[in-house]
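User: Hi! I would like to go through the terms used for this model and see how each value earns its label.

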Amino acid sequence: MTMHWIRFIFGTICLAFGLFFIVSSVIGNFRFKFALNRMHSAALGDTLGLLGVVLGMCFYHGLNATTVKLLAIVALVWITSPVASHLIMLMEMTIGKYSTEPNADPSDEQGFERGSVDMNRHVLEDMGKGDQEK
Amino acid sequence: MDPLTSFAPHVLTVSMLILAACALASLFRTFIGPRVSDRIVGVNMIGTQSICLIACLVLRLREDWLVDIAIVYAMFSFLAVTVLTKMDIGVYRQWRADQKKSHQRHIETRRAYRQAHAQRHHRRDNS
């Protein structure tokens with residue numbers, strides 16, 4: 001019975017840890033402004049939140065085959081989540097506001113031949129504004 | 001009194017309610033996300049919270065086979081994000097190539113028009 005109490009207490013602590021990180025990732029997803037910032041909070045919930053919840057479930061279960069499968073979920077998500085974040089970053093940098101590609105506006109005659117340096121000017125201006133506001 | 005049979009189901013119910021509230025908030029974020037990237041980030045977060053929800057449900061319902069569903073859910077969540085991002089990038093690249101082609105055609109047409117009418121305009125201006 002003492003072993004069950006220890007398992008229950010450790011499991012509840014891990015569960016609260018994971019739920020704290022998941023709730024903070026949701027709050028951060030609402031408070032950040034751009035998608036590249038929101039990916040940061042989403043990765044927080046993907047890694048530590050999932051690890052906490054699944055470790056709590058492992059403590060509740062004890063040691064059997066289900067525990068191994070639960071840890072396999074963590075391994076799988078920890079492998080695939082950086083790849084998904086990288087792809088989302090690639091899409092945001094390709095089609096988003098901070099795109100480094102030349103302008104696609106047909107009314108701009110030299111827009112397609114112009115390099116990406118001129119197109120990055122608004123990005124640098126935005127970053128400067130952000131620094132001044134802080 | 002065994003805490004794993006008396007207290008743990010209530011703890012699990014409360015944590016599942018919190019996870020469901022987080023998933024609903026992420027769904028709202030997905031609705032109001034101004035750009036496609038924000039929406040995909042929200043969908044990714046909903047996937048992670050659903051995995052946690054299923055992992056809690058394993059112990060709440062005492063059904064061990066639900067863990068396999070969680071593994072498959074993780075795989076499909078990753079697959080959805082991959083396919084959506086690659087598809088959006090491909091559609092954007094195709095659209096941009098079409099815009100470039102039509103822009104080049106426009107420039108060539110305008111240049112040919114100017115060359116064809118330059119001589120006549122020149123005479124009219126001089127007369």
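Analyst: Happy to. α1(A) and α2(A) are roughly antiparallel to each other, a label kept for angles over 145 degrees (under 35 is roughly parallel, 65 to 115 roughly perpendicular, the rest oblique). Before we go on: this is a predicted model, in which local features need pLDDT of at least 70 and side-chain atom pairs count only at pLDDT 80 or more, while totals for chains, interfaces and linings use all residues. Residues are numbered from 1 along each chain as its sequence is written, with chains lettered from A and ligands numbered from 1 in the order in which they are written.

User: What makes α1(A) and α2(A) roughly antiparallel?

Analyst: Their axes cross at roughly 165 degrees and come within 7 Å. Here axes are lines fitted to C-alpha atoms, for helices over the stretch in contact, and angles run from 0 to 180 degrees between N-to-C directions. The two helices therefore count as roughly antiparallel. Their crossing is left-handed, meaning that the near helix is turned anticlockwise from the far one by less than a right angle (clockwise would be right-handed).

User: How many helices and strands does chain A have?

Analyst: Chain A has five helices and zero strands. Helices are DSSP runs of H or I with at least four residues, strands are runs of E with at least two, and numbering starts at the N terminus.

User: Which residues count as being in contact between the chains, and how many does each chain supply?

Analyst: A contact needs C-beta atoms, placed from the backbone, within 7 Å. Chain A gives 47 residues and chain B gives 45 residues. On the side of chain A, α3(A) has the largest share, 16 residues. That side has 31 nonpolar, eleven polar and five charged residues, where Ala, Val, Leu, Ile, Met, Phe, Trp, Tyr, Cys and Pro are nonpolar, Asp, Glu, Lys and Arg charged, and the others, Gly among them, polar.

User: What makes a set of residues a nonpolar core, and which have the most contacts inside the largest one?

Analyst: Such a core is a set of buried Ala, Val, Leu, Ile, Met, Phe, Trp, Tyr and Cys residues joined through C-beta atoms within 7 Å. Buried means 20 or more other C-beta atoms within 10 Å of a residue's own (12 or fewer is exposed, in between partly exposed). The largest core has 50 residues, and those with the most contacts inside it include A:Val53, A:Met57 and B:Ile51. α2(A) gives the most, with twelve residues.

Conventions. Two residues are in contact if their C-beta atoms, placed from the backbone, lie within 7 Å.
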